[in-house]
Amino acid sequence: MPHTLTTLVSQASAGLGCTPDVIAAAPGRVNLIGEHIDYCDGFVMPFALDRNIVIAAKRTNSETATLRSAGMPTATISLAAPQVIGEPTWTNYLRGVIDGFQKLGYTIPGFDAYIVSSVPGGAGLSSSAALECATATLLEGLLGVALTKKQKALLCQKAEHNFAHVPCGIMDQFASTFGEENRLVMIDCQTGEPTMVPFENPDLAVIIANTNVHHQLSDGGYAIRRKHTEDGLSIIGKASWRDVSMSDVEEKWDMLGDPVNRRSRHVVGEIARTQEAAAALAASDFARLGTLMYASHDSLRDDFEVSCAELDLMVHIATEIGTAGGVIGARMTGGGFGGSTVTLCESAQAESIMATMRQRYETETQIVPQIFCSRPSRGAHLVNV
Ligand code: ADP
Ligand code: MG
C-alpha cells in the first residue's frame, strides 16, 4: 500500500467526504539508540519516520467533534464540557489533546474529522504519539494558533499520561514534533532540549522490522519498569540518573536487589552508550555505532527484560547477515515486548537484507513480518489544503 503523504492526504480528504478546512500530519518515530531512558533523564536518538497519521477536518456549527478513523468505530464527543475518558478507546488520545487545549483556555470549534495512517499501530513506532501530535496540529489549524514545538510535545505527552494511562517519557512526542528531513532528534531528557543531528549519508539505510507480535505483558510492563528505575534511583540516593556512575550501581548492587540492580545497570549503561553513539556518528565511525546498538539490545534483553523471542530472533538474523552482508548494527526499538527492531545497514545491501530478514523470520515463526526502510523526515505540520 502506498504510504506517501500525498496519498494519505487524498485518502483522508476522500474519507471526510467534503473539502477539508484543515489537514494535519504527524509522523511515527524510530529510535536508533537510547531505550527506556527518556524517563530517566537520559539521552535518546530517535528520528521521525516518513510514515504519518493524517487528519482532515471540516468546521461545523456544532459544539461536538465527530471522529472517524479508517477501520475504527466512530464517535461524537462534546466540546462544550471538560473532556473525560470514554469509548471507543482510540478516541482518548484525541480527547486528551483537546483537554490540553481547553486547559490553555481555547474554545474548540465544532468539527468533523477523518483519520488515515501509514504508521503501524502497536509496533513500537509510536502511532499513539503520531495521533496526539496530528490532533494538536489540527487544533492549531482550526484555532489559527501555533504552540511552540516543545509546548505541543509536552501537551501531547500529558494526554498520553492522563487519557491513555501510559506513563511515557518525552521521546515519542518530541520526535514527532521536532522531526526534520535528514536529522536525528537527539534529546537530552534532563533538560528537555532536542539537538538536530545530521543523518544524511546516502550510503546508510535504516531498516525497520515489525515482528507483528505484541505480548500482553506490555500493558503493565512499561509502568513496572518505570517504577523499578524510580526505586533504583532512590536507593542509590542521587537526584538524577545523570549523576549515577556504574560504580555507584555496583557498590549498591545487593542493596538494590534483583531485578532493580539489573534495571539500574541498563539505565546507566544505555545513557553512556547513547552519548558514545552520538560521538561515533559525528566521527562517521559506523562500526562503533553498530557495536553500541547490539550492546543496547543485549542490555534490554538481559537486564531490562523488555525484549521477547521474536525481537531477539529478528536481531539474531541481522547479526548473522553481519558486516559481510552489509549489516552495521541492530536492536529492538520502542517499548518492547514485541513491536519492531531497527537495523542500520549499507544502502546498497538494504533490499537483500530485508528479503533475508523477511524470509528467515517467517520460516522460523510462521508470522509474516512487515519490513521497510525509512529516512528521517519532517515532523508534525499542517498540509496546505
Ligand atoms: P504504538 O504507539 O507503539 O503504536 P500504542 O499502544 O501506544 O502503540 O498506541 C496504539 C493505539 O493508538 C491504538 O490501539 C489506537 O488506540 C491508537 N491508534 C493508532 N493509530 C490509530 C489510527 N490510525 N486511528 C485510530 N487510532 C489509532
Ligand atoms: Mg505508543
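Me: Which residues does D172 touch, not counting residues up to four places away in sequence?
Reply: In this predicted model, D172 belongs to helix α5, which covers residues 171-178, and with a relative accessible area of 13% it is buried. The side chain of D172 makes a polar contact with the side chain of R29, at 2.8 Å. Once residues up to four places away in sequence are set aside, the residues that D172 touches are R29, S126 and A129.

Me: How many disulfides does a search of the whole structure find?
Reply: A disulfide is a covalent bond between the sulfur atoms of two cysteines, and here a pair of sulfur atoms counts as one if they lie within 2.5 Å. For C40, the nearest cysteine sulfur is that of C189, 9.2 Å away, and C40 is in no disulfide. The sulfur of C189 likewise has the one in C40 as its closest, and because the two are 9.2 Å apart they are too far for a bond. A search of the whole structure gives a total of 0.

Me: Is C189 buried or exposed?
Reply: The word buried is used for a relative accessible area under 20%, and exposed for one over 50%. The relative accessibility of C189 is 9%, so this cysteine falls under the lower limit and counts as buried.

Me: Which helix gives the most to the largest nonpolar core?
Reply: The largest nonpolar core has 110 residues, and F111, W241 and M357 are those with the most contacts inside it. The helix that gives the most to this core supplies 8 residues and spans residues 127-143, which makes the answer helix α3.

Me: How many residues has the other core that lies apart from the largest one?
Reply: Beside the core of 110 residues, there is another that lies apart from it and includes A25, A56, Y114 and V116. The number of residues in this other core is 11.

Me: Which element gives the most to the lining of the largest pocket?
Reply: The largest pocket has a volume of about 1200 Å³, and of the 50 residues that line it, Y93, G122, S127, S128 and E160 are the closest to its centre. Several elements each supply at least two residues of this lining, among them α2 (91-103), β6 (111-117), α4 (149-164) and β11 (338-346). The element that gives the most contributes 4 residues, and it is α6.

Me: How far apart in space are A26 and N201, C-alpha to C-alpha?
Reply: A26 lies in strand β1, residues 22-31, and at 0% relative accessibility it counts as buried. Leaving aside neighbours within four places in sequence, A26 is in contact with residues including R51, I53, C133 and A380. Along the sequence A26 and N201 are 175 residues apart, while in space the distance between their C-alpha atoms is 24 Å.

Me: What is the omega of the cis peptide bond that joins D258 and P259?
Reply: P259 is found in the loop between α8 (253-256) and α9 (260-282). The peptide bond that joins D258 to P259 is cis, and its omega is about 10°.

Me: Is H165 buried or exposed?
Reply: H165 lies in the loop between α4 and α5, and although it is not a glycine it has a positive phi of about 55°. Its relative accessible area is 59%, and because a value over 50% is needed for the word, H165 is exposed.

How values were computed:
Residues numbered from 1 in each chain as written. Chains lettered and ligands numbered in written order. Predicted model: local features only at pLDDT ≥ 70, side-chain atom pairs only at ≥ 80, totals over all residues. Heavy atoms only, no water. Buried < 20%, exposed > 50% of the residue type's maximum accessible area, 1.4 Å probe, protein only. Polar contact = N/O pair within 3.5 Å; in protein donor to acceptor, adjacent residues only side chain to side chain. Contact = heavy atoms within 4.5 Å. Core = buried A, V, L, I, M, F, W, Y, C linked by side-chain atoms within 4.5 Å. 1 Å grid on protein atoms, 1.4 Å probe; cavity = no way out; pocket = protein on both sides within 12 Å on 5 of 7 lines; lining within 4 Å. Points joined across faces, edges and corners; volume = space filled by probe spheres on them.
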